[in-house]
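Could you walk me through this structure, one selection at a time? I have it open in a viewer and would like to know what to click on next and what is there.

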Amino acid sequence: MFNVLISAHDTAWETDQLMRMPKDRFKEHSVEGGEADEVSLARPATLKLLEAVPALLLYENCIGGPAGEVVRYGYLRGIRVAGSEIVFRFAEEGRFTRALVEEFGDRLDIDQWELNRTHWAVKEGDLPRAMMKKLQPSYDVVLSFAGEDRAYVKQVAAALDAKGVRVFYDGFEEAALWGKDLAEHLDAVYRRGGTFCVVFISAAYREKMWTRHERRSALVRALADDAEYILPARFDDTEIEGIRPTLGHVTLTDKTPADLAKIILKKLGRK
């Protein structure tokens, strides 16, 4: 069993606060006589069943741009009825492209008509294994740095991880990266995987092949979103192609890794 939630509001899933769905759209496009019958708004305790299974959050076909191309994967939390709405929180674990979900539409029991309707469906079965293999994990922050600066960055990553921040730091990803096409995978991480990308600027950063690859992917995202994404953290005044000197930055010469981690937490809206 899994949830499919589709909304016509183009910011419905762009929040870590309460999300909402009209109560009268609950269980539309669900299979009658199936697992969905176990769940009822009239029996609030049964809503816990929906928190134990994954959820896909999509937008209706009418929503274009970057938001419309993203399908969020994760788990619903704290589902309850509030007046004419169902409210809940969402713990995101990764993302699919919309094209991939449409490719598996038949196996997910999601047709094009359904993608034109705001609703909450409870589907039968499990998400296809072949689709899950293409899940792009989600991160609060992704770190781009040169190997020469690893000692500092490692401490920043550890401090963030200790506070429950989902951080992409290659030292945490050894098993996940093993055997992957790194050019393709890292492009996805730095272009689509994070809420923010912290770029640790130094003379060494400018010279590395992989940091150029990561930075270019991050710049594509920054230009497409036209919003804050790249957060420069400077060890020195090295000029980096694509990152304007006027872009607000943090100077690291007077900051410990713990100091920077605290600033990142504030940027994420965390205490």
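Here is a tour in a few stops, going from a sheet to its helices and then to some single residues. Keep in mind that this is a predicted model.

**Stop 1: the open sheet**

Start by selecting strands 8 to 12. These five strands form an open sheet, with parallel pairing and the order 9-8-10-11-12. Now colour the two edges: strand 9 (167-168) and strand 12 (250-251) each have a single partner strand, so one side of each has no neighbour in the sheet. At the strand 12 edge, add strand 11 (residues 230-234); two bridges join strand 11 to strand 12, and the two run parallel. To see where they face each other, show Arg-234, which stands opposite Thr-251 in strand 12.

**Stop 2: helix 8 against the sheet and helix 10**

Next, bring up helix 8 (residues 182-193). Helix 8 packs on the sheet, where it touches strand 8 (139-144), strand 9 and strand 10 (194-201). Looking along strand 8, you should find that the direction of helix 8 makes about 125° with that of the strand.

Keep helix 8 on screen and add helix 10 (residues 209-225). What angle do the axes of helix 8 and helix 10 make where they cross? It is roughly 40°, and the axes come within 8 Å. That makes helix 8 oblique to helix 10. The crossing of these two helices is right-handed.

For the side chains, select the contact residues of both helices:

- On helix 8, show Leu-182, Ala-183, Leu-186, Asp-187, Tyr-190, Arg-191, Arg-192 and Gly-193.
- On helix 10, their counterparts are Trp-210, His-213, Glu-214, Ser-217, Ala-218, Val-220 and Arg-221.

Colour this contact of helix 8 with helix 10 by residue type and you get seven nonpolar, three polar and five charged residues.

While you are there, click on Ala-188, which also lies in helix 8. Is Ala-188 buried or exposed? Ala-188 is buried, with a relative accessible area of 7%; the cut-off for buried is under 20%. Setting aside neighbours within four places in sequence, Ala-188 is in contact with Gln-136 and Gly-193. If you want a distance to try in the viewer, go from the C-alpha of Ala-188 to that of Leu-223: the two residues are 35 apart in sequence and 15 Å apart in space.

**Stop 3: helix 6 and helix 11**

Now hide that pair and select helix 6 (residues 150-162) together with helix 11 (residues 257-267). The axes of helix 6 and helix 11 come within 8 Å and cross at roughly 50°. These helices are therefore oblique to each other, and helix 6 passes helix 11 in a right-handed crossing. From helix 6, the contact takes Tyr-152, Gln-155, Val-156, Ala-159 and Leu-160; from helix 11, Pro-257, Leu-260, Ala-261, Ile-264 and Leu-265. By type, the residues of this contact of helix 6 with helix 11 are nine nonpolar, one polar and no charged.

Stay on helix 6 and pick out Arg-150. Arg-150 counts as partly exposed, at 30% relative accessibility. Which residues does Arg-150 touch, not counting those up to four places away in sequence? They are Phe-145, Tyr-169, Asp-170 and Gly-171. For a long jump to the next stop, run a line from the C-alpha of Arg-150 to that of Trp-120: they are 30 residues apart along the chain and separated by 45 Å.

**Stop 4: strand 6**

Trp-120 brings you to strand 6 (residues 119-123), where five of the five residues are buried, so the strand is largely enclosed by the rest of the structure. Turn strand 6 over and check both faces: His-119, Ala-121 and Lys-123 are buried on one side, Trp-120 and Val-122 on the other. Add strand 1 (residues 2-7), which runs antiparallel to strand 6 and is joined to it by five bridges. One pair to show is Ile-6 with its bridge partner in strand 6, His-119.

**Stop 5: two residues in a loop**

Finish in the loop between strand 2 (19-22) and helix 1 (48-51), where you will find Lys-27. Most residues other than glycine have a negative phi. Lys-27, though not a glycine, has a positive phi of about 70°. His-29, in the loop between strand 2 and helix 1, also has a positive phi, of about 60°. Lys-27 is partly exposed with a relative accessible area of 25%, and His-29 is partly exposed at 30%.

Definitions and conventions:
Residues are numbered from 1 along each chain as its sequence is written. This is a predicted model: local features need pLDDT of at least 70, side-chain atom pairs count only at pLDDT 80 or more; totals for chains, interfaces and linings use all residues. Side-chain values use heavy atoms; hydrogens and water are left out. Two strands pair if DSSP finds at least two bridges between them. Helices (H or I, at least four residues) and strands (E, at least two) are DSSP runs, numbered from the N terminus. Contact means heavy atoms within 4.5 Å. Axes are lines fitted to C-alpha atoms, for helices over the stretch in contact, and angles run from 0 to 180 degrees between N-to-C directions. Angles under 35 degrees count as roughly parallel, over 145 as roughly antiparallel, 65 to 115 as roughly perpendicular and the rest as oblique. A crossing is left-handed if the near helix is turned anticlockwise from the far one by less than a right angle, and right-handed if clockwise. Ala, Val, Leu, Ile, Met, Phe, Trp, Tyr, Cys and Pro count as nonpolar, Asp, Glu, Lys and Arg as charged, and the others, Gly among them, as polar. Buried means under 20% relative accessible area, exposed over 50%, partly exposed in between (1.4 Å probe, protein chains only).
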